[in-house]
Amino acid sequence: MQVLWEAEARKAVGKPLKRFEDLRLITGRSSFLDDLHPPNLLHAVFVRSSYPHARIKKIDLSKVRHDRSVKAVLTGREVASLSKPVPIIWYLPGMRVPLHYALAHSEVNHVGEAVVALAAEDRYSAEDAAELVEVEYELLKPMTDAEEAMRSDAPLVHEDLPDNLCYRYTLKGGEPETVLESSEVVLSEEFRIQRMAASPIEARGVMASYNPSSDMLTVWSSTQFPHMLKTWLANVLGHRESRLRVVAPDVGGAFGVKGEIFPEEIVVPLLSMKTGRPVKWVSTRREDFLSSTHARDIRARVDAGFTKSGVLNALHVKITADFGAYLHVFTAGGPFITAHSIPGPYKCDHVRVDVSAVFTNKVPVSAYRGFGQPEAAFIMERLMDIAADELGLDPAEIRFRNLLQPSDMPYKASTGVRYDSGDYPAVLRKALQTIGYNGRVQHAGGRRLGFGISFYTETTGFAPSRLFHEDGLLMGGYESARVVVTPSGTVEVTVGASPHGQGLATCLAQVCSDILGVNPEDVSVMHGDTATTPYGHGTFGSRSLVVAGNAVARAATTVKEKMLSIASHLLGCDRKDLQIREQQIVCKGCGKKMPFSEAARMAYLAYNLPPGMEPGLESTVYNDPAGLPKSYGAHVCLVELDPSTAEWKILRYVVVHDAGVLVNPLIAEGQIHGGTLQGLAQATLEEIVYDRDGNLLTTSFMDYLLPSAVEAPNIESHHHETPSPLNILGVKGLGEAGTIVGPAAVVNALCNAAGAKFNATPVSHETLLAHLQNRRPHS
C-alpha cells in the first residue's frame, strides 16, 4: 500500500506539537463523569459480598424500606427478570460460560460481587442505607489456585459446570515434539506472571437518565467504547437501540479495564428506569480493586530446544490462566493472544502452545495494557537470557542469532502469525551501542552492575473485521471518521474511536492539516457521543491512530479532491495543476490562486459548482484495515545493585523502537515513558494478592504498590522508521510497547546483577534480598 507522504513532504505530521487537549485539562475545564450533577440526581451504592463463595439464602430489606432517602432498591432476582446476563464478546471453541447477571441472585463467587443495589438522595444516605441491608449466606469452599482448581476432586466454582475448566486451546506450527526430542540442548523452565490491576487515576463510574415520555435512555460512562456499550446495553436491557444514547465524557485513564460492559453499567440504568430520575455511581478505590477486572495471572511451563550454537529450534509452552469467577467482554482473549505472541521477534518454525483457562473464586480478569503480549514477551526474553547462560553465550549474541531478518519481511510464522515490516537486528544494535553495552555484568566499588536486554514485537491496530470473526469476536474491527470543511474553511472531525488520554485529537488534527493544507489548530476533533459520531469500536489494542487515523486520512483526502475540483472549475485551471499550500489553492501552471476558505464558501453557496456535483464538503469513511501492523523494539536497562542490602536503582534505560511513521514524536515519547513505567512496576512492585480463603489483601495503594516519580528512571527513547505497508499513513501502534517489554528488561538486569534466576514477577526487594542472603523469601 502506498504511504500517503514521503518524509520530506510532511509538514504537521512528524512535528512534536503540544497536545491541544491539555490546556482544557490542566486549567480545570474538563468534565469527568463525577463532575456531572444534573437536577434531581440520585446516588447509587452496591452491597457487595464479603465472602468468596457462598449461596444467598435470604436478603432482608425491611430496614431499608423505611428509609425515606432511598428511592429504589434492586436485588439479583429482579435484575435477572429485567435484563440478560452480562455480555461476552470473545468466544473460543468449547468455551464454557457460567451464568453471570449484573447482581448475584443465587450464589456469590468472589469477594466484592454485587448483591443489592440502591439509589438514594445523596451518597451519604445511600452508604448508610446499604449498611441496613442484611444478607444471609451459606458458605461454600472457595478455589483460589488455578492448578488446584483443575484437579478432578476440586470443589466446583460453578455448580452448573462439570468442572472448573473454561476452555483448552492449542496453537501449533511445524513438528515441535519431534524437533524437541532431537534438539542438542533442551531447557525446561517455569514462569509466573502475577495478577494485576490497571488502576487508572479515575476509577470507574456510570450515570443514567431515563425519560419515560420519550422512552429515551441516556447513559454516561467512563468507557473506552461508547458505541459498543450502546449496542450491548440495548441488547441486555431489551431497550430499542434507537432510543439509547451513550456519552463518554473526559476519561481519566483506562488501560483496557474500561473496555468492558460491567454490571454497574446495567444496574444504574435499571435504577434510573425504575425511578424516572438520573442516577449516578462512582467507584471508590476499594470497590475498584474488588469489582473492576484484574489482569495477567498466568503460569507457564516451557520446553525449548536449541542447537549448541544457540539457535532456537522448537518450543512447547503450557499455559495455565486463572480467569477468576466469570467471563467478561474480552476475558477469553488474554491467553489466546499470549499463544499467538510466541515466539515474538524470533524465528522458530516448530512451536506448540497449550492453554488451559480455569475458573477460581477471584475477581474476573480481562484486558490490561498489552493484553496477553507482556506474558509472551516475559517468557521469551527470560528464556533467551537463560539459554545464553546455559550455552555460554552473550545475551545480545543469542538474540542476534535468532531475530527475524529484514530479508524475511513480510514474514508468516508457522503458527500463521504475520509480520509486515522491520529491521530487528538494526534496532537491537542501535540500543546496545547507545547504552554502551559490553557484557551482562560489571562491578563498581563493591556494587554490581547488570544489563538487561529485552526485545519485543507488538501486534497493533487491533482489527480487521474478518480476523475478528475468525478468532471468535462478536464485533467489527473497523473505525469510522467524518471530516467536514465548514463554510468558513475550518475543519470538523468526528470519530467513533473514544480516546482517554492518548492525545488522539492532536494527532488527527496533524493528519488533516497535511492533507487539507490548514493549520492543525483549525481542526476540531469530536468523539465520545453516540448521538453525534459515526459508529466505531473504541480505543484499545494500540488501534486508534492505526485504524481511526487512517479513516480520517481517507475521508480528508476525499474532501480535498472535491475542493480541488471546485477550485478547478472556478479558476479555469486543470485539476492536476492545483495544490493546497498555506491555506491557498494554487495553480502550479499559471499561478492563479484562491483562498481555501473561498473554495469552502462556494461549496455551500452551491450556485456555481461543476455539473452534477452536490453541495457541501463532507466525507464519512469506515476503515477496515488490511491487517495488523507489528511494531517492535529493544529495551536495554542498566541497574546498580548493592549486594549487602539489595537496594538497587536504574542507571540508564534505553529504548529504540519502530512504530512506523510518527505523527507526533512528543506524544509517542509520552506513550513510551508511561508504558515503560507500568512495565517496570509489573517487574518489581504491583501484585494483586489473595489469601488461601479467597480474601483480597490488596484493596488500597498502601498494599498495591504503584510507582511514583521517585521510582521513575530517565528513559532515553530513539526512533527507527519503517513505514507499515498495511495503511496509507504508514503508522504502527506503540501505546502498549513499554508495558510488553519493560518487565523482562528489568528482571533480566536484576538477574544478571544478582547472579540469580527470577522467573516470576514481581521481583520484590524481599525476594532479591533473600537470594543475596541465600535464604527463601517469606510467602
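How many of the residues of helix 10 are buried? Keep that in mind while you get your bearings; the tour will come back to it. One thing to know before you click: this is a predicted model.

**Stop 1: the whole chain**

Start zoomed out, with everything shown as a cartoon. The protein chain has 20 helices and 29 strands. Its radius of gyration is 27 Å, close to the 28 Å that the globule rule gives for 779 residues, so the chain is as compact as a globular protein of that length. Turn the view around: the C-alpha atoms fill a box of roughly 85 × 75 × 50 Å along the principal axes.

Now switch on the surface. The chain exposes about 29,000 Å², and carbon and sulfur atoms supply 50% of that. Of the 779 residues, 62% count as buried. If you look at contacts between residues at least 6 apart in sequence, 80% join residues at least 24 apart.

**Stop 2: helix 10**

Select residues 333-340. This is helix 10, and here is the answer to the opening question: 7 of its 8 residues are buried. Color G333, G334, P335, F336, I337, T338 and A339 to see the buried ones.

What covers them? Show strand 7 (165-173), strand 14 (312-324) and strand 15 (350-359), then add helix 11 (373-391) and helix 14 (465-471); the cover includes these five elements.

**Stop 3: Q373**

Stay with helix 11 and pick Q373, which lies in it. Is Q373 buried or exposed? It has a relative accessible area of 7%, and the cut-off for buried is under 20%, so Q373 counts as buried.

Show its side chain as sticks and look for T459: the side chain of Q373 reaches the backbone nitrogen of T459 at 2.8 Å. Setting aside neighbours within four places in sequence, Q373 is also in contact with other residues, including I337, S341, E736 and I740. You met I337 a moment ago, among the buried residues of helix 10.

**Stop 4: the nonpolar cores**

In soluble globular proteins, nonpolar side chains tend to be buried together. To see that here, select W90, Y167, F306, L315 and F330. These have the most contacts inside the largest nonpolar core, which has 152 residues. Helix 11 gives the most to this core, with 10 residues.

Zoom in on W90. Not counting residues up to four places away in sequence, W90 touches a list of residues that includes M95, F330, F371, F462 and L473. G333, F336 and I337 are on that list too, and those three are buried residues of helix 10.

For a second, separate core, select V493, C512, L578 and L609: they are among its 55 residues.

**Stop 5: a sheet of three strands**

Which order do the strands of the next sheet follow? The order is 4-2-6, in an open sheet with antiparallel pairing. Strand 4 (107-108) and strand 6 (134-139) stand at the edges with a single partner strand each, so one side of each has no neighbour in the sheet.

Strand 2 (residues 54-60) pairs with strand 4 over 2 bridges. Pick R55 and you will find E107 of strand 4 opposite.

**Stop 6: a strand with two faces**

In a regular strand the side chains alternate between the two faces of the sheet. Select strand 26 (residues 618-623) and give each face its own color: S619, V621 and N623 make up the covered face, while E618, T620 and Y622 make up the uncovered one.

Last, add strand 20 (residues 479-485), which pairs with strand 26 in the antiparallel sense over 6 bridges. Finish at N623, where E479 stands opposite.

Key. Residues numbered from 1 in each chain as written. Predicted model: local features only at pLDDT ≥ 70, side-chain atom pairs only at ≥ 80, totals over all residues. Heavy atoms only, no water. Pairing = 2+ DSSP bridges. Helix = DSSP H or I, 4+ residues; strand = E, 2+ residues; numbered from the N terminus. Buried < 20%, exposed > 50% of the residue type's maximum accessible area, 1.4 Å probe, protein only. Contact = heavy atoms within 4.5 Å. Polar contact = N/O pair within 3.5 Å; in protein donor to acceptor, adjacent residues only side chain to side chain. Core = buried A, V, L, I, M, F, W, Y, C linked by side-chain atoms within 4.5 Å. Rg over C-alpha atoms; globule rule 2.2 N^0.38 Å. Areas by Shrake-Rupley, 256 points an atom, 1.4 Å probe, with all protein chains shown as cover.
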